[in-house]
Amino acid sequence: MRMRNDDGRPARREARPVSVCPAAKRCGGCQYIEMPYPEQLRKKQSEMQSLFGSFCKVHPMVGMDDPFYYRNKVHAVFGYHKGQIISGIYEENTHHIVPIDRCMIEDQKSDEIIVTIRGLLKSFKIRTYDEDTGYGLLRHVLVRRAFATGEIMVVLVTRSPVFPSKNHFVAALRERHPEITTIIQNMNDRDTSMVLGDREHVLYGKGYIEDILCGCRFRISAKSFYQVNPVQAERLYTKALELAGLTGRETVLDAYCGIGTIGIIAANRARQVYGVELNPDAVGDAICNAKLNGIRNIRFYQNDATRFMTQMAQSGDTVDVVLMDPPRSGSTEEFIHAIKAVRAKKVVYISCGPDTLARDLKVFRREGYRAEGVWLYDMFPATGHTECATLIERTGA
Ligand code: SAH
């Protein structure tokens with residue numbers, strides 16, 4: 001419909017479309033939400049071209065067919081505002097809660113579950129936690145949905161282990177959402193910005209969910225990392241494996257391996273795979289995941305990736321291909337130095353932090369490795385973030 005002004009003249013088209021999300025300004029999570037999707041892709045492509053153009057070819061970004069509701073993990077912080085229970089996210093750099101019921105990039109079912117939980121709190125007399133006074137029980141709710149299997153995990157983060165009427169609460173929640181497959185209480189009494197605490201208690205179900213990625217099945221615990229956009233993750237990992245060019249004879253290291261996804265997908269095409277990961281829960285999942293997929297030629301180590309690699313180098317071990325997927329902060333000079341020492345010929349570096357990848361590529365160059373190309377995947381539509389896979393090869397003999 002064409003818009004008209006009060007005086008009947010056609011309205012001038014606004015340069016920016018009216019926001020599709022009422023919370024966009026205060027939430028700040030989606031910097032590009034008002035930009036048409038093709039324009040988002042062009043903008044990210046040109047940013048990546050400036051960042052990596054001097055290293056290697058930057059391939060066209062692979063976007064999503066449907067760039068909405070893609071996140072399989074939804075987090076809400078709970079609190080009070082003017083006597084009402086609210087849930088949402090913290091306004092950027094503050095501890096004010098921006099109330100959110102629906103988000104354009106989050107799984108819709110997970111958002112519904114959070115609204116249901118909020119609606120149940122009053123009748124169960126569950127108070128939300130107040131940061132200033134330290135009173136109240138419920139701090140956060142985390143919902144994770146495995147898109148391929150439909151399994152849903154709900155994590156209730158409470159300040160203390162004492163959760164009166166928890167059995168009734170769980171029953172009421174399951175009655176409203178029979179699709180929930182597991183419910184976990186996580187205890188976090190610390191004053192940090194970390195959502196999850198160390199201790200947890202399974203209130204219903206197995207305590208984890210399983211998803212399918214690249215034909216393998218993965219168990220995911222509450223505290224383990226799992227890609228938030230599985231549609232794009234599948235495309236990215238398929239490309240990463242193609243770049244690795246495995247023949248079945250290689251020794252492969254999956255560094256920063258999380259629950260073992262990349263290494264397990266690679267294992268059928270390698271002689272031996274080693275995975276290293278710092279988070280003990282993720283390592284536990286990884287070991288189960290190898291069994292779940294009948295993979296025998298993989299071993300996981302709980303360690304700092306740099307320390308593990310340095311030890312391998314000191315023991316004179318060798319590796320043919322390194323698959324690495326560090327957190328946004330990137331890797332370390334020592335890790336990259338050790339890649340050379342274990343005589344790796346090829347590295348596939350997956351990154352969700354292009355700036356730290358560019359920094360690390362300089363170190364690779366110093367160590368005698370060359371980037372052969374960067375492949376871009378839009379893992380986080382509507383936001384300014386970009387994910388990529390880079391093929392890095394040893395130069396010379
Ligand atoms: N490759 C996995 C996980 C990637 S996310 C996947 O695709 O699912 C990055 C992982 O690095 C997280 O699991 C995090 O716990 C782990 N990590 C962070 N710092 C680390 C370090 N210093 N050494 C080893 N692992 C680390």
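A polar contact is a pair of N or O atoms within 3.5 Å. The structure shown in these views is a predicted model.

**View 1. Polar contacts of the ligand with Glu277, Asp325 and Tyr256.** A polar side-chain atom of Glu277 lies 2.6 Å from an oxygen atom of the ligand. For Asp325, a polar side-chain atom is 2.9 Å from a ligand nitrogen atom. Tyr256 takes part through its backbone: a polar backbone atom of this residue is 3.2 Å from a nitrogen atom of the ligand. The ligand taken alone exposes 570 Å², and the protein buries 86% of that area.

**View 2. The residue shell around the ligand.** There are 15 residues around the ligand, and those that come nearest are Tyr237, Glu277, Asp304, Ala305 and Asp325. By class, eight residues of the shell are nonpolar, four are polar and three are charged.

**View 3. Packing of helices α3 and α4.** Helix α3 spans residues 108-121 and helix α4 spans residues 166-176. The two pack at an angle of about 140°, and their axes are 11 Å apart. Angles over 145 degrees count as roughly antiparallel; α3 and α4 are therefore oblique to each other. Their crossing is right-handed.

**View 4. Packing of helices α8 and α9.** Helix α8 covers residues 305-314, and helix α9 covers residues 333-341. Their axes lie 9 Å apart, at an angle of about 30°. Because angles under 35 degrees count as roughly parallel, α8 is roughly parallel to α9. The crossing of α8 and α9 is left-handed.

Definitions and conventions
Residues are numbered from 1 along each chain as its sequence is written. This is a predicted model: local features need pLDDT of at least 70, side-chain atom pairs count only at pLDDT 80 or more; totals for chains, interfaces and linings use all residues. Side-chain values use heavy atoms; hydrogens and water are left out. A residue is near a molecule or strand if one of its heavy atoms lies within 4 Å of it. A polar contact is a pair of N or O atoms within 3.5 Å; within protein, one must be able to donate a hydrogen and the other to accept it, and residues adjacent in sequence count only if both atoms are side-chain atoms. Accessible areas come from the Shrake-Rupley method with a 1.4 Å probe; for residues, only the protein chains shown count as cover. Ala, Val, Leu, Ile, Met, Phe, Trp, Tyr, Cys and Pro count as nonpolar, Asp, Glu, Lys and Arg as charged, and the others, Gly among them, as polar. Axes are lines fitted to C-alpha atoms, for helices over the stretch in contact, and angles run from 0 to 180 degrees between N-to-C directions. Helices (H or I, at least four residues) and strands (E, at least two) are DSSP runs, numbered from the N terminus. Angles under 35 degrees count as roughly parallel, over 145 as roughly antiparallel, 65 to 115 as roughly perpendicular and the rest as oblique. A crossing is left-handed if the near helix is turned anticlockwise from the far one by less than a right angle, and right-handed if clockwise.
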